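Trainee: I would like a close look at a single part of this structure, with the cut-offs behind each term. Please start from one surface and follow the connections outward from there.

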4 protein chains.
Amino acid sequence: MPRRPSPSRRRAPRQERSQATCDAILTATARVLVKDGYEAASTNRIAQEAGVSVGSLYQYFPSKEGLVTALLEQHRARAVADFEAGLVPLAGQPLAVAMRALIRQVIAVKRENPRLNQVLHELMPRMRERGLLDVYSQRLFRVVRAFLAPRFQDLRPQNLDMAVFILVTTVEALCHTAVTERPDYLEDESFVEEIATLALGYLRPEPAAVPVRRTARERTVRM
Amino acid sequence: MPRRPSPSRRRAPRQERSQATCDAILTATARVLVKDGYEAASTNRIAQEAGVSVGSLYQYFPSKEGLVTALLEQHRARAVADFEAGLVPLAGQPLAVAMRALIRQVIAVKRENPRLNQVLHELMPRMRERGLLDVYSQRLFRVVRAFLAPRFQDLRPQNLDMAVFILVTTVEALCHTAVTERPDYLEDESFVEEIATLALGYLRPEPAAVPVRRTARERTVRM
Amino acid sequence: MPRRPSPSRRRAPRQERSQATCDAILTATARVLVKDGYEAASTNRIAQEAGVSVGSLYQYFPSKEGLVTALLEQHRARAVADFEAGLVPLAGQPLAVAMRALIRQVIAVKRENPRLNQVLHELMPRMRERGLLDVYSQRLFRVVRAFLAPRFQDLRPQNLDMAVFILVTTVEALCHTAVTERPDYLEDESFVEEIATLALGYLRPEPAAVPVRRTARERTVRM
Amino acid sequence: MPRRPSPSRRRAPRQERSQATCDAILTATARVLVKDGYEAASTNRIAQEAGVSVGSLYQYFPSKEGLVTALLEQHRARAVADFEAGLVPLAGQPLAVAMRALIRQVIAVKRENPRLNQVLHELMPRMRERGLLDVYSQRLFRVVRAFLAPRFQDLRPQNLDMAVFILVTTVEALCHTAVTERPDYLEDESFVEEIATLALGYLRPEPAAVPVRRTARERTVRM
DNA sequence: GATGAATGAGATTTCATTCAT
DNA sequence: CATGAATGAAATCTCATTCAT
């Protein structure tokens, strides 16, 4: 089932050989991007790394930008799909359990190929300007929304959309920033715990924002 | 007091006129960056916009990257300084009050010149790779840490550094992402309230993830 | 009767199907040439337009240039043949009648597919450089020469070859240039009349260009 | 007095050095065009021939096409100016005298650098498509029109514009085609005479298309 | 110091042509 | 014969940077 043409694709590979070439180019792009970064990654270099000629590259991708967008799309698509898949078995779980599982999954994904994640993450705004690729962000948003919606009446926030925005943005940012700035946190189980606390505290019905003095006996911080 | 030379500066302007030229160039850089983006911003274009020759530009800045880094540093330096200044009158305030004030300030800064903030934000990783500019992140971190430290014994988190990392990252990400993706939230007072709830809920000693009775009949909200 | 191979042909199509393919390619070439111009017309594009693969194109034509030359030859061959055919019934006609008929025919041909005529016309010098295709110019020349020769003793010019050159060049240029620059003239019957006057005035025995008083009493025509 | 920017110019040279560079590039373009033709003439090759870098070329000309157009414009401007200058002393002359002088001048110009004339001539349609350069054709037209207008009442044609179109097109085509196909004619004084006869015969008041007796013996030349 | 003309390596992209399937 | 994926030389053009004036 060949993909249909898009701003990031030129010709859909029809034969096996083409598909292989196409894949090789995308893989090579990831490698070169990781090694050299976006600016320094030239299409000739990528083609060479893929073991094909530049001509072949331009047969399947309309431009350097298109090529990178295609990779980014592939990446995002997988990420979102994985996330969705990860959500399925959590449907019946308590929120606290599900939340921890999801955070662990996000961290796992980020750790898989941190450098590539990094580079692609930085590329996103550029691609977004071209008007591409928000599909995946939206889909992620919808998935989380669907997950939260049935439980929402029992939770504190009033505005479901805003709550989803806040949760998705927060968890994503924490995991992502940790990769770059505090890789040690990624190994630290308490990091997951803290993010979970943050998210669950935000959702739970008790008034959260009121600074309350502890009393002497009020020691129990159970989470 | 002329700045000392750095990887982002070539020579320190000694005379007033030089300082003016230097500023003109930085201002022009910001304008061009906003208008054309980083890639399309050429040094010739910037020099023209600043009303000086390329030669002059290279008298003060060693390279395009240095120029942009200088702008970024200036920007970050101001942002951190402003933040620090904003913190001073909040020293004695309850956390809930201070938190809301700080969130409002962060949003205010982001809204001032969203496009420039955006562009510079995207440039940060690139500059970070050159090993520059983490000074300001660190300083911001220390400032927040110093603000939180005295109250920390009364708060839930055990790891002060991690808590600071989480708070700074979260608030920054939410405000920043809102600029791009949900500018409507920036006008919405409840957005501030939600962020405050998120942050304060994270800090307060109460158990956060514990099922709470809602009614007498023990309607458990599973989280 | 298959054509023999030439610098513009690779192999002679033997079967009907081949002939059809060959024609389809030539037709497609004309279409693409008209639509995109010579530079922008790529062989892949032409093959696609013809509904065949590039490979097939190169089976019949040795190169892009060969392909275009073949089209040009076909075109010129037809034009000259048509012209020749048009001349036959004019054999016995008075020169003035024949001339007008011929001019009308030339205009008619040019108007048929002005854009294609235009493009091919511009391509001629390029092809001429490769030493091809003068055959048709020469043949046209001979045809006109043969038409004029029997009446030449009654006409003014002394040098038949030069007269033919002048007539052919003039009529061709006027009709061709009119297509591009003054298409309105093509609809204008007086345009035909003027060209006829030009040509016939050139041929007729009366001294035309002598700005000399003919007789003492003659009304001097200052030219 | 620097030229103002146009589709064929990028930056106006302000210093002497620039002007020299600019001229060198145009001269080199002519040389390379003559040697290699338009297609084969690469901008790198031209820059090299001019003894400057490609960068300099693109500082003054926005594209290969712009460069060639600039050369073409320069060439046409000179040709038209020369033609105009040549016309001045002919103002009071009888038409027949002026016509011969003008034809000789056109031929002289064409012979000067036949190959360059050839190449530029072939390039004209391409440039015309970009909407450039008809200024000179129009100016030539107006000049000839102005020359003919005062005498027009004594001449045969009714439509001055059409007459000018016909004369200009015819003379230009004959001279031009002769360069390529019959260079021997350019040396032949009778060729000038024939063109003059053609043109003057077209203009003179006598009915041209009427059968005229040649001798007393009544050998009617039917035209 | 200031100027801006000059540099030229190098990036992206095209397209005529080949040849394995 | 047909196909169309693959090739890769080469073309156009940009832009950070230098340096003579």
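Mentor: Helix α3(C) gives the most to the surface near DNA strand F, with five residues. Here a residue is near a strand if one of its heavy atoms lies within 4 Å of it, and helices are DSSP runs (H or I, at least four residues; strands are E runs of at least two), numbered from the N terminus. The model is predicted: local features need pLDDT of at least 70 and side-chain atom pairs count only at pLDDT 80 or more, while totals for chains, interfaces and linings use all residues. Residues are numbered from 1 along each chain as its sequence is written, chains are lettered from A and ligands numbered from 1 in the order in which they are written, and side-chain values use heavy atoms, with hydrogens and water left out.

The surface near DNA strand F takes at least two residues from each of several helices: α1 (16–40) and α3 (54–60) of chain A, α2 (43–50) and α3 (54–60) of chain B, α3 (54–60) of chain C, and α2 (43–50) and α3 (54–60) of chain D. In total, 36 residues surround DNA strand F, and the closest are T21(A), Y60(A), T43(B), N44(D) and Y58(D). Of the atoms of DNA strand F that come within 4 Å of the protein, 63% belong to sugar and phosphate. By class, this surface has ten nonpolar, 21 polar and five charged residues. In that scheme Ala, Val, Leu, Ile, Met, Phe, Trp, Tyr, Cys and Pro are nonpolar, Asp, Glu, Lys and Arg are charged, and the others, Gly among them, are polar.

Individual polar contacts reach both bases and backbone. A polar contact is a pair of N or O atoms within 3.5 Å; within protein, one must be able to donate a hydrogen and the other to accept it, and residues adjacent in sequence count only if both atoms are side-chain atoms. A side-chain N or O atom of Q59(A) is 3.2 Å from a base nitrogen of DNA strand F, and a polar side-chain atom of N44(B) lies 3.5 Å from a base oxygen of that strand. On the phosphate side, a polar backbone atom of T43(D) is 3.1 Å from a phosphate oxygen of DNA strand F.

DNA strand E is the other strand to consider. There are 37 residues around DNA strand E, of which N44(A), Y58(A), T43(C), T21(D) and Y60(D) come nearest. Sugar and phosphate make up 63% of the atoms of DNA strand E that come within 4 Å of the protein. The surface near DNA strand E has eleven nonpolar, 20 polar and six charged residues. Among its phosphate contacts, a side-chain N or O atom of T21(D) is 2.4 Å from a phosphate oxygen of DNA strand E. Backbone N or O atoms also approach phosphate oxygens of DNA strand E: 3.0 Å for K64(A) and 2.9 Å for S53(D).

Salt bridges come next, in chain C and then elsewhere. A salt bridge is a side-chain nitrogen of Lys or Arg within 4 Å of a carboxyl oxygen of Asp or Glu, and the whole structure has 52 over all chains. One of them joins E49(C) and R31(C), whose closest N and O atoms are 2.7 Å apart. This pair links distant parts of the chain, with E49(C) in α2 (43–50) and R31(C) in α1 (16–40) of chain C, 18 residues apart. E49(C) has 23% relative accessibility, so it counts as partly exposed, and R31(C), at 35%, is also partly exposed; buried means under 20% relative accessible area, exposed over 50% and partly exposed in between (1.4 Å probe, protein chains only). R45(C) and D36(C) form another salt bridge, with closest N and O atoms 3.7 Å apart. In chain A, R31(A), K35(A), D36(A), R45(A) and E49(A) are linked in a network of salt bridges.

Lastly, the aromatic residues. Rings of Phe, Tyr and Trp (its six-membered ring) pair if their centres lie within 6.5 Å; planes under 30 degrees apart count as stacked, over 60 as edge-to-face and the rest as tilted. There are twelve such pairs over all chains. In one, the rings of F165(C) and F191(D) have centres 6.1 Å apart and planes at 55 degrees, so the pair is tilted. F165(C) lies in α8 (160–181) of chain C and F191(D) in α10 (189–203) of chain D, so the pair joins two chains. Both F165(C) and F191(D) are buried.
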